[in-house]
Structures are given as C-alpha cells and as structure tokens.
Amino acid sequence: MLRVPDSSISRRLTWMNMLVSGVALLLSCAAFVAYDRVSFRQTMVQDLSIQAQMIGSTSVSAVLFDDPRAGEETLAALQAAPNVLAAGIYTPQRRLFAAYWRGARGRDLPLPSLPLRQTQAHWFGDGELALVRSVIFEGKPVALVYLRSDLSQMNARSRRYAEIGAAVLLASLSAAFLISWSSQRAISKPLVQLAQTARIVSRDKNYSVRATPPGNRDEIALLVDSFNEMLAQIQSRDGALRMAHDSLELRVQQRTAELTASNNELEAFSYSVSHDLRAPLRSIDGFSQALLEDYSAKLDAGGQDHLRRVRAATQRMSVLIDDLLNLSRLSRSAIRRETLDLSALAAAVAEDVRKSDPARRVEFIIAKDLAAEGDPQLLRVVMENLLGNAWKYTSSHPQARIEFGASQDNGRRAFFVRDDGAGFDPRYAGRLFGAFQRLHAATEFPGTGIGLATVQRIIHRHGGKVWAEGAVEKGATFHFSL
Amino acid sequence: MNLSSPARSLFGSRRRLLALSAAAAGVLFSLSCLHAQEPKPTEHQVKATYLYNFGQFVRWPRNASALQSDSFSICVLGQDSFHSILDAALHGETIDGKSVVARRISTPQEAAICRVLFISSSEEHQLKEILEAVGQAGVLTVSDMPYFTQRGGMIQFTREGNRIRFAVNLTNAEVGGLILSSELLKVAITVRRNPQPGG
C-alpha cells in the first residue's frame with residue numbers, strides 16, 4: 001500500500017476551502033457584530049428616549065399639581081425595565097421632583113449639570129447610558145426626565161453574540177470541512193490515484209497498469225488519458241524491444257553454435273588429415289632412404305638424384321604438416337598471460353637466427369626494455385616467425401638491417417619488426433596473413449606459407465592486431481599490438 | 001465620573017471649551033438654583049395656577065356654550081380673594097390656542113361663557129342654586145368650601161400639610177358632560193362617585 005504524502009493535495013485543498021470559508025465567516029461575523037453594536041446603541045438610546053417621553057407624559061399632571069408621590073409612582077413602573085438603574089423627574093428649575101433607584105429608596109439623584117438651554121442629551125460612560133429629555137406640555141416645558149441605564153444588557157448581548165458567533169463559526173467550519181472533504185475528493189482522488197499509478201510504474205517498471213479515469217471530463221481526465229496513452233506506447237515499445245532482443249539473442253546463439261560446430265569439425269578434420277598424412281610420408285621417405293642406401297650400386301647418378309629430390313620433397317612436406325599441426329593446436333590451447341620482456345625475447349631469437357648463417361652481415365637493432373603481457377611460448381613463436389622472415393627476405397642483399405621497436409596505433413602500444421629486404425607489393429598486403437599464401441616463389445625464398453598465418457592467429461587470440469607495410473625491394477615492416 | 005459632567009461627551013475632546021462651558025453651566029445652574037429658592041408661592045398663587053392647570057386636563061362637551069367664545073374664560077363667582085394674582089397667573093397663557101382670561105361674575109347665569117368656574121366660599125349659602133344653574137352647562141366647577149364634592153361640585157381644593165391638594169367627584173363632572181383626564185384623576189387626593197340612585 002502506498003502511503004499518501006503528508007501534505008497531500010487533498011489535505012491542501014481541504015485546508016484551502018476551510019481557510020476561505022473561515023475568513024469569510026469571521027469577517028462577516030465581525031461586520032455583523034460591529035453593525036449590531038452600533039445599531040444596538042442607537043436602539044438603546046431610542047428606547048430610553050421613548051421611556052423618558054412616556055415617563056414625562058405620564059408625570060405632567062404630577063408636576064403641574066406638585067404631587068411628587070404620583071411622580072414616584074410613575075417612576076416605580078420602571079421596575080419592569082431592569083436596565084434602568086435610576087430615574088429622576090425635575091422641575092424646569094432643575095429641582096428634583098421625584099427619584100427612582102432600582103433596588104433602593106429615598107436616595108438623592110442630582111441632575112448632571114447641563115447648560116441651561118440644553119434640555120436634550122445622552123451620553124455613554126462607565127458602563128452606563130444616561131439620557132435627559134425635556135417634557136413639553138401644551139407647548140411649554142414642564143419638566144426634565146433623567147434616566148440612567150446600565151449597559152449590562154448590551155454587554156450580555158455582545159457576549160451572547162460572541163457565543164453564537166463562535167458556535168456558528170464552529171458549526172460552519174465543521175460543515176465546511178465535511179463539504180470540502182467530500183467535494184475535494186472529486187479533484188484530489190484521481191490525482192492521488194494517478195500519482196500512485198505513476199509510482200507503481202516507476203518502482204516496479206510495470207507498464208501494464210493503468211490509471212482509473214475520473215467520471216467527469218475535465219483536465220484531470222485528460223491528464224489520466226494522456227498518461228495511460230503514454231504507458232500504452234511505452235508498453236508496446238518495450239514489448240517490441242524485448243522481442244527483437246530475444247530473437248537476436250537466439251540468432252546469435254544459433255550462429256555461434258553453428259560456427260563453433262563447423263570450426264571444431266574443420267580443426268578436427270585438418271588435425272586428422274595432417275596426422276594421417278605423416279604415415280604415408282614416413283613410408284615414402286623411409287623407403288627412399290632404403291633405396292639410396294641399399295641399392296646405390298644399382299642406381300646411376302641420375303636415379304640417385306631423383307631419389308634425393310623425393311626425400312627433400314617429403315621432408316618439406318613433413319615440415320609443412322608440422323606447421324599445420326602447430327597452427328591447429330594454437331586454436332585449441334589456452335592462453336596464459338604474464339608480463340615479459342619482449343626486448344630480451346627478441347634478442348634471444350635474433351641470436352638463434354644468426355647462428356643459422358653466422359657469415360651473413362646483418363645488423364640487429366633491438367630497442368631496450370619493451371615489456372608486454374602475453375603467453376611467453378606463443379609470443380616466442382611470433383618473434384621467431386617475424387625475425388625469421390626478416391632474416392629470410394634480406395638474404396638476397398649483401399648487407400641488411402633488422403629492427404625491433406615500439407610504435408603507436410591509435411593511442412595503443414604496438415611493436416614492429418622492420419627489415420630492408422625484398423619487401424612486397426602493397427597491393428597484396430591483404431593476402432600476406434592467409435595460410436599457404438605466398439608472394440614469392442619457393443625457389444626464391446623457402447617457406448611453407450604458414451608463418452604469418454600463425455602470427456596472426458596468436459595475435460588475434462591475444463585480442464591484438466597485426467598489419468604490414470612495405471614495397472618491392474624497399475623492405476617490410478610488421479606491426480602488432482597485444 | 002462622566003455622568004457628573006455630560007459636557008465632556010457633548011463637546012468631545014475640546015477640553016478648553018469643555019472647561020469654559022462647564023464653568024458657564026455651573027454659573028447657570030447655581031442661578032437656576034437661586035431661582036428655585038425663590039420664596040414659596042402663596043396659597044392663592046398655587047390655587048390660581050391649578051385653576052389654569054385643570055383646564056388642560058378636561059374635555060368639554062361639544063354643546064358647551066363656552067366653546068363658542070374666542071377666549072378661554074376662568075371665572076370667579078362671589079367674593080374674589082385672588083385679586084390680581086389670578087390675572088398675573090393667567091397672563092399670556094393659552095389653552096387650545098385660545099388666550100386664557102380671568103373673569104369675575106356675580107350671577108350663575110353669567111357662567112355660560114366660563115370653562116372653569118371658581119365658586120367663592122362667600123356663595124356657600126346659595127350653592128345649591130348655583131350648581132343647579134350651571135350643573136349641566138358644561139362648566140368645570142371648582143371651590144375650596146368644605147364638602148363641595150359631596151354637595152354637587154366637581155373639584156374641591158383641600159390642604160394636606162402645607163400642600164394644596166384637590167378632590168374630584170366624577171359623577172358630578174359626567175353630569176356636566178365633562179371628561180376628566182386620567183392624568184388629572186391620578187393626582188387627585190380622592191376620586192368620588194355618587195351612589196347611583198336606585199342602583
């Protein structure tokens with residue numbers, strides 16, 4: 001189960017709605033309370049004024065006929081108005097005529113000092129509203145009425161309003177929360193589902209899942225559709241890619257197996273051929289030798305010469321078969337790699353080569369301390385072939401120079417063997433490394449045509465590369481890398 | 001405390017004006033107190049004022065002949081002990097837009113033009129005749145003779161301590177077609193009704 005993130009879009013949507021409705025409610029509540037307070041003050045003044053007028057009009061006769069008791073009785077009716085703290089009726093000369101105190105009797109109630117001509121006033125202060133009204137009877141002022149009302153009613157009303165407001169706010173916010181919670185799901189649910197699907201896709205690399213499209217057609221539905229479309233495309237491409245990959249793999253395996261089989265067959269064939277060819281050859285050579293030794297008296301010089309030629313040919317063929325066997329053995333034996341000093345190896349081989357004809361004037365120039373990694377025995381074969389070739393193809397020159405050194409091939413370390421002998425026609429450079437391919441007649445330079453093929457095979461088995469440069473009578477250079 | 005100086009709330013924060021007006025108010029208030037402490041009005045002065053005040057709490061019948069007059073007449077029948085006090089009390093006063101005037105009459109027959117008729121104690125000997133003459137003419141009868149309301153009068157002055165009070169006989173007023181305001185009855189010391197004959 002995928003966990004919904006902490007600040008998920010649904011939560012944010014809900015809070016946003018709550019915030020909007022909460023602020024709107026608060027503002028309207030505040031405005032309403034402020035308006036109510038103002039209007040309630042006006043209403044209070046109005047109500048108190050009406051009370052004063054009524055007291056005034058019902059106490060006219062009491063004042064006119066100087067009957068304070070009647071005035072007090074009139075005022076006593078104010079007991080029904082719990083907000084009135086105190087009330088007084090005054091003669092136009094501002095002498096107290098009758099007084100009323102809520103919950104008290106007989107207390108004096110001095111009229112606040114008003115300017116003489118001012119007979120209408122009200123003021124708020126100290127938790128009270130005070131009001132003075134003049135009583136006009138038959139066009140003449142006959143009395144003043146003074147009322148003091150406490151504001152506890154207004155304060156209680158404010159408190160009640162605050163309580164109601166808080167309750168309304170709470171209820172509205174709860175309602176807003178429920179409504180917003182249920183309505184935001186229409187937006188957030190498909191988004192959350194989409195996010196979950198995307199997460200499943202990226203986590204499991206499973207492109208077969210699909211996001212559920214919401215019921216109504218909106219941008220989110222479009223998004224979900226596009227997402228699903230994308231998934232479908234990825235899935236189909238993924239499938240096609242996997243199929244191509246699988247079939248390619250299968251083909252490669254098939255080809256490899258075929259190649260290996262035919263290669264093995266070929267090598268087994270050439271091995272057995274080479275091996276089986278030796279037996280008849282040995283017979284030919286043996287019986288030719290027996291003829292020369294046992295019947296030399298009966299053969300003239302011409303016959304003996306023929307027999308010697310037969311023997312030479314069979315010996316040459318024997319070498320040829322040895323080389324072929326070596327070549328096919330190379331393919332089978334494993335390579336063991338170790339670091340070795342190629343310079344020392346080259347020097348040793350050169351020494352061996354020189355011994356075959358010490359009279360020749362050949363100069364060997366061998367670079368010092370060239371190290372390489374490879375199979376010592378196989379690399380010795382390489383050096384024998386290359387230096388041997390150089391020795392062989394310089395034999396027609398009275399004086400020769402053979403060089404071994406290091407070169408570069410595209411940033412890779414390479415080595416070379418260079419001579420200044422017969423060289424070759426660069427047009428046929430590609431045929432140099434084929435088995436039994438020879439660019440010179442065997443009479444000119446002896447050889448089997450196997451040497452360079454062997455070199456190439458060894459270098460290839462080391463993962464290296466071999467190539468040649470040269471021109472007729474300008475010498476040849478053989479490069480190799482390992 | 002704010003209540004003792006309403007001028008502050010009336011004039012807001014203009015403190016200098018407040019101080020000035022408070023001082024002025026104090027002076028004026030003490031003046032009005034001095035005015036209030038004028039010598040107490042005499043009994044006759046009070047009665048004269050009451051005669052006028054009664055007029056403001058009574059409705060006269062439509063057929064009352066006094067309604068035709070241009071003025072509101074308060075008449076004194078018999079020996080006039082008010083002298084000029086009544087004229088002084090009524091000077092410049094109006095009721096229902098009519099100027100109030102004091103009249104002295106000597107016979108009940110003259111009372112037809114009166115709204116209010118004060119019957120002097122000097123006429124006690126012929127009270128029955130007087131009341132018979134004006135009883136149904138729509139005239140408010142007032143007197144300070146004892147038992148006036150029991151003897152057919154409508155309003156009778158009495159003393160209660162050092163105050164002048166009055167008693168009312170509603171039946172007599174109704175016989176005269178007059179309607180007395182409840183406000184008036186409220187301050188009456190007694191409101192009397194005659195027992196209904198045979199009722």
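How many bridges join β2(B) to β5(B), and in which sense do the two strands run? In this predicted model, four bridges join the two strands, and the strands run parallel. One of the places where they meet is Val76(B), whose bridge partner in β5(B) is Phe118(B).

Strand β5(B) also pairs with β6(B), again over four bridges and in the parallel sense. Here Ile119(B) stands opposite Ser143(B) of β6(B). Strand β5(B) therefore has β2(B) as a parallel partner and β6(B) as another.

The side chains of β5(B) can be considered next. In a regular strand, side chains alternate between the two faces of the sheet. In β5(B), Val116(B) and Phe118(B) belong to one side, while Leu117(B) and Ile119(B) belong to the other. These four residues are all buried, and both faces of the strand are thus covered.

The path from β5(B) to β6(B) involves a helix. Together, β5(B), α5(B) and β6(B) form a right-handed β-α-β unit. Helix α5 of chain B comprises residues 127–134, and its buried residues are Ile130(B), Leu131(B) and Val134(B). Because these residues cover an arc of only 95 degrees around the axis, they lie on the same side of α5(B). An α-helix has 3.6 residues a turn, so residues three or four places apart point the same way. The buried residues of α5(B) pack against three strands of chain B, namely β2 (72–77), β5 (116–119) and β6 (140–143). On the face turned away from this buried side, the helix carries the exposed residues Lys128(B), Glu129(B) and Glu132(B).

Chain A offers two further residues for study. Ile220(A) is located in helix α5 of that chain, which spans residues 219–294. Is this residue buried or exposed? Ile220(A) counts as buried because it has 20 C-beta neighbours inside 10 Å, and 20 or more are required for that class. Apart from neighbours within four places in sequence, Ile220(A) is in contact with Ile187(A), Pro190(A), Leu191(A) and Pro214(A). Of these, Pro190(A) is 30 residues away in sequence, yet its C-alpha atom is 7.2 Å from that of Ile220(A).

Leu170(A) belongs to helix α4 of chain A, residues 152–204. With 10 C-beta neighbours inside 10 Å, Leu170(A) counts as exposed, since that class holds residues with 12 or fewer. Along the chain, Leu170(A) and Gly22(A) are 148 residues apart, whereas 9.2 Å separates their C-alpha atoms.

Notes: Residues numbered from 1 in each chain as written. Chains lettered and ligands numbered in written order. Predicted model: local features only at pLDDT ≥ 70, side-chain atom pairs only at ≥ 80, totals over all residues. Arc of directions from axis to C-beta. Contact = placed C-beta atoms within 7 Å. Pairing = 2+ DSSP bridges. Right-handed = clockwise from strand over helix to strand, strands pointing away.
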